[in-house]
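New to this one? Take a look at the sequence and the model first, and then we can talk it through.

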Amino acid sequence: MGIGDQFQTVVYYEDTGDIREILPNQYIKSRKSLNSLLGLPESRGIKFFYVPGYFPLMKENWKVKLGSNTRAPRLISQDGKDGVLLLSQKEAEYIFQHYKEICMVFEGGLGDYIDQADVVIACKKKYPEKKLLVEMDGSRKAALNLMDGFEMAASGTSATVGHNTKPTIEFSKINKMCGDYGAGGKIGVYSLIAGLDKTAERSKIKIPKNDQANARGIIQENIGKEYKTIIALHTMSGNCNTKGIPPAGVPDMLSSLLEDQDLYFLHIGGAGEETVKHEQIISLQGKLNWPEVFAAISLCDGCVCIDSAILHIAQHLGLPTVSLWGPTDCINILGNDSGVGAVTSTNNCAGCNQYECQQKDCMQHFNKKELNRKLKKLIKE
């Protein structure tokens with residue numbers, strides 16, 4: 001059994017959450033095997049779950065936060081911090097201390113990749129003598145190489161680095177967390193998974209001059225007239241889930257800014273997405289690759305977007321940004337980031353994290369006064 005396959009079996013009392021035992025690598029097949037393991041004739045009222053990791057745990061340092069109908073029980077420290085996250089941090093610290101080559105496996109969409117790239121850059125700064133091999137979707141490499149320091153930090157960026165033969169840090173561990181990411185937001189959790197003791201800083205984006213010149217030509221060609229303000233706009237999630245805003249409602253949502261005849265929106269998105277019917281909303285959907293998206297956004301004066309990679313790009317470029325949130329809890333992603341004007345759906349179910357729900361209308365209901373106020377502030381900035 002490799003270190004990546006090991007786990008701790010947490011045995012606890014279901015009425016109090018008090019831990020009876022924490023046992024390494026004990027797979028329990030039945031109530032009978034649990035009774036035998038504990039040396040009891042009967043173990044009613046006692047339950048168990050598994051925590052990935054190979055470090056032995058002292059039970060007095062931990063407790064169980066009991067679950068509900070929608071959440072499983074989880075291991076937490078005595079001060080309430082997520083146990084899986086703390087163990088991941090400890091294991092990553094051990095890996096960096098004892099190995100010269102480390103494989104870091106990316107997960108998620110490009111927005112997640114951007115956060116993870118920041119973490120890789122921070123790890124290289126902390127451990128300059130280490131060789132970091134990054135396993136990722138190679139089609140995103142050109143975009144990440146625009147982030148200052150990533151190309152130098154990532155010694156390998158193949159989709160098949162072969163991490164099974166090397167010590168590995170897998171960012172997908174974030175999917176095993178409780179979902180309450182805290183002040184650092186999502187990048188804070190990725191930082192802890194990589195063993196960092198503080199949240200990685202946001203890297204600068206370096207856009208080649210030729211790319212900016214080409215983007216400027218594309219913008220001018222599509223607008224076809226003089227303009228004084230351009231705002232990057234992104235309203236549809238790549239997999240068309242409930243994070244997206246229906247195109248028909250976009251002009252009304254932006255009506256307070258569309259009163260300015262010299263202001264235009266560049267609608268970024270994927271091929272096949274439905275365009276918005278308004279002469280000041282210019283569709284670039286499906287027309288740009290990722291480096292061209294970076295270049296086009298770098299020429300904008302601000303950004304209005306949903307929870308997506310465009311939000312992360314705008315943050316890294318330092319653009320004033322208004323973000324719109326429905327099924328995603330903005331605090332979970334942004335943490336205490338004061339640089340984004342977040343507007344959350346007025347639906348009671350906002351922040352549910354259910355991206356395939358049947359209701360599908362939370363991104364149509366926002367407080368119009370709050371939204372207009374933040375949009376006007378965006379222009380002033």
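What follows is a short round of questions and answers about this predicted model.

Q: In what order do the six strands of the open sheet run?
A: Let's start with how the strands pair up: in this open sheet the pairing is parallel. From one strand to the next, the twist averages 20°. Reading across the six strands, the order is β12-β11-β10-β13-β14-β15.

Q: Which strands stand at the edges of the sheet?
A: Strands of a sheet pair through backbone hydrogen bonds. An edge strand here has a single partner strand, so one side of it is left without a neighbour in the sheet. That fits the strands covering 281–283 and 340–344, which are β12 and β15.

Q: In β15, which residue is the bridge partner of Ser323?
A: Strand β14 covers residues 321–325, and it pairs with β15 in the parallel sense over five bridges. Ser323 has its bridge partner in β15. That partner is Ala342.

Q: Is His267 buried or exposed?
A: You'll find His267 in strand β11, which spans residues 263–267. Leaving aside neighbours within four places in sequence, His267 is in contact with a list of residues that includes Leu233, His234, Val276 and Ile282. Its relative accessible area is 1%, and the cut-off for buried is under 20%. So His267 counts as buried.

Q: Is Asp260 buried, exposed or partly exposed?
A: Asp260 sits in the loop between α9 (255–258) and β11. Its relative accessibility is 23%, while buried would need under 20% and exposed over 50%. That makes Asp260 partly exposed.

Q: What is the length of the polar contact that joins the side chains of Asp260 and Lys228?
A: Not counting residues up to four places away in sequence, Asp260 touches Lys228 and Gln280. With Lys228, the side chains are joined by a polar contact. Its length is 3.4 Å.

Q: How many Å apart in space are Asp260 and Lys63, C-alpha to C-alpha?
A: Along the sequence, Asp260 and Lys63 are 197 residues apart. In space, going from C-alpha to C-alpha, the distance is 57 Å.

Q: What is the volume of the largest cavity?
A: The structure holds one cavity of 30 Å³ or more. Among the residues lining the largest cavity are Lys243, Ile306, Trp325, Pro327 and Met363. The volume of this cavity is about 30 Å³.

Conventions:
Residues numbered from 1 in each chain as written. Predicted model: local features only at pLDDT ≥ 70, side-chain atom pairs only at ≥ 80, totals over all residues. Heavy atoms only, no water. Pairing = 2+ DSSP bridges. Helix = DSSP H or I, 4+ residues; strand = E, 2+ residues; numbered from the N terminus. Axes fitted to C-alpha atoms, helices over the stretch in contact; angles between N-to-C directions. Buried < 20%, exposed > 50% of the residue type's maximum accessible area, 1.4 Å probe, protein only. Contact = heavy atoms within 4.5 Å. Polar contact = N/O pair within 3.5 Å; in protein donor to acceptor, adjacent residues only side chain to side chain. 1 Å grid on protein atoms, 1.4 Å probe; cavity = no way out; pocket = protein on both sides within 12 Å on 5 of 7 lines; lining within 4 Å. Points joined across faces, edges and corners; volume = space filled by probe spheres on them.
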